[in-house]
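Please go through the sequence and the model below. The report that follows takes the sheet, the helix across it, the core and the charged pairs in turn.

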Amino acid sequence: LPAVGAESPIQVRNPSALDLFMFSASAWLLHRIHYDAPFTTEHDGHPGLLIHGPLQGVYLVQTAESWLGDHARLATITYRHLAPAYLGDSLECGGTVAGADENGIDLELWARKPDGTVTTSGAARFARR
């Protein structure tokens, strides 16, 4: 497993309107700001459809799992949304090893826009396999 301070490769995510709709449907996240553009812009005043916070959480897990491969499995994750991300925003996802011991590895994870705005930050524990 990577050493403390190691940084994961960045994964770039560009969800489409269909991705947002399908995630809404599959996760039963029915707020219209994720799939109904006229409602989102005219009623709620957003510049476009919002990328789900939980979808960004999935991106964080996928980034870590891709990096760690079969050497570790997700034990716990927490994440917090810090700024909105909208359809058309590119999200760069990555992380850093914050700690490690004989049982596993602790990661600090983040999703950010190319301008550096962090939209979601998180922490995960992966157990050694």
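In which sense do β1 and β3 pair, and over how many bridges? They pair in the antiparallel sense, and the count is 3 bridges. The model is predicted.

## The sheet

The sheet is open and has 5 strands. Their order is β1-β3-β4-β5-β2, and the pairing is antiparallel. β1 (11-13) and β2 (72-81) stand at the edges. Each has a single partner strand, so one side of each is left without a neighbour in the sheet. From one strand to the next, the twist averages 25 degrees.

Within the β1 and β3 pairing, Arg13 has Leu91 of β3 as its bridge partner. β3 and β4 also run antiparallel, and 9 bridges join them. Gly95 is part of that register: its bridge partner in β4 is Leu109. A hairpin through 2 residues joins β3 to β4.

## Gln11 at the sheet edge

Gln11 lies in strand β1, and β1 is an edge strand. The side chains of Gln11 and Arg13 are joined by a polar contact of 3.0 Å.

Which residues does Gln11 contact, leaving aside its neighbours within four places in sequence? They are Gln62, Thr63, Ser66, Leu91, Glu92 and Cys93. Of these, Leu91 is also the bridge partner of Arg13. Glu92 appears again below, in a salt bridge with Arg112.

## The helix across the sheet

Helix α3 covers residues 53-68. It lies across β1, β2, β3, β4 and β5 (118-128). Relative to β2, helix α3 runs at about 145 degrees.

## The nonpolar core

How many residues make up the largest nonpolar core? The count is 20. Those with the most contacts inside the core are Ile51, Leu55, Leu68, Ile105, Leu107, Leu109 and Phe126. Leu109 also serves the sheet register, as the bridge partner of Gly95.

Helices and strands both contribute. α1 (17-27), α3, β3, β4 and β5 each supply at least two residues of this core. The largest share, 5 residues, comes from α3. Leu55 is in contact with Leu20 and Phe23, leaving aside its neighbours within four places in sequence.

## Salt bridges

The structure holds 5 salt bridges. One of them joins Asp36 to Arg32, with the closest N and O atoms 3.0 Å apart. Are the two partners buried or partly exposed? Asp36 is buried, with a relative accessible area of 19%. Arg32 counts as partly exposed, at 39% relative accessibility.

Another salt bridge brings the side chains of Arg112 and Glu92 together at 2.9 Å, N to O. Arg112 lies in strand β4 and Glu92 in strand β3, so this pair ties together parts that are 20 residues apart in sequence. Arg112 counts as partly exposed, at 26% relative accessibility.

## The Arg125 network

Arg125 forms a salt bridge with Asp101. The closest N and O atoms of this pair are 2.9 Å apart. Why does the pair tie together parts that are 24 residues apart in sequence? Arg125 lies in strand β5 and Asp101 in strand β3, so the link spans that separation.

Arg125 is buried, because its relative accessible area of 19% is under the 20% cut-off. Asp101, at 30% relative accessibility, counts as partly exposed. The pair is part of a wider arrangement. Asp101, Asp106 and Arg125 are joined into one network by salt bridges that share partners.

## Asn103 in the loop

Where does Asn103 lie? Its place is the loop between β3 (91-101) and β4 (104-112). Asn103 is partly exposed, with a relative accessible area of 49%.

Asn103 touches Arg125, Phe126, Ala127 and Arg128, not counting residues up to four places away in sequence. Two of these names have come up already: Arg125 forms the salt bridge with Asp101, and Phe126 is listed among the core residues with the most contacts. Asn103 and Arg128 are 25 residues apart in sequence. In space they are 5.7 Å apart, C-alpha to C-alpha.

How values were computed: Residues numbered from 1 in each chain as written. Predicted model: local features only at pLDDT ≥ 70, side-chain atom pairs only at ≥ 80, totals over all residues. Heavy atoms only, no water. Helix = DSSP H or I, 4+ residues; strand = E, 2+ residues; numbered from the N terminus. Buried < 20%, exposed > 50% of the residue type's maximum accessible area, 1.4 Å probe, protein only. Contact = heavy atoms within 4.5 Å. Pairing = 2+ DSSP bridges. Axes fitted to C-alpha atoms, helices over the stretch in contact; angles between N-to-C directions. Salt bridge = Lys/Arg side-chain N within 4 Å of Asp/Glu carboxyl O. Core = buried A, V, L, I, M, F, W, Y, C linked by side-chain atoms within 4.5 Å. Polar contact = N/O pair within 3.5 Å; in protein donor to acceptor, adjacent residues only side chain to side chain.
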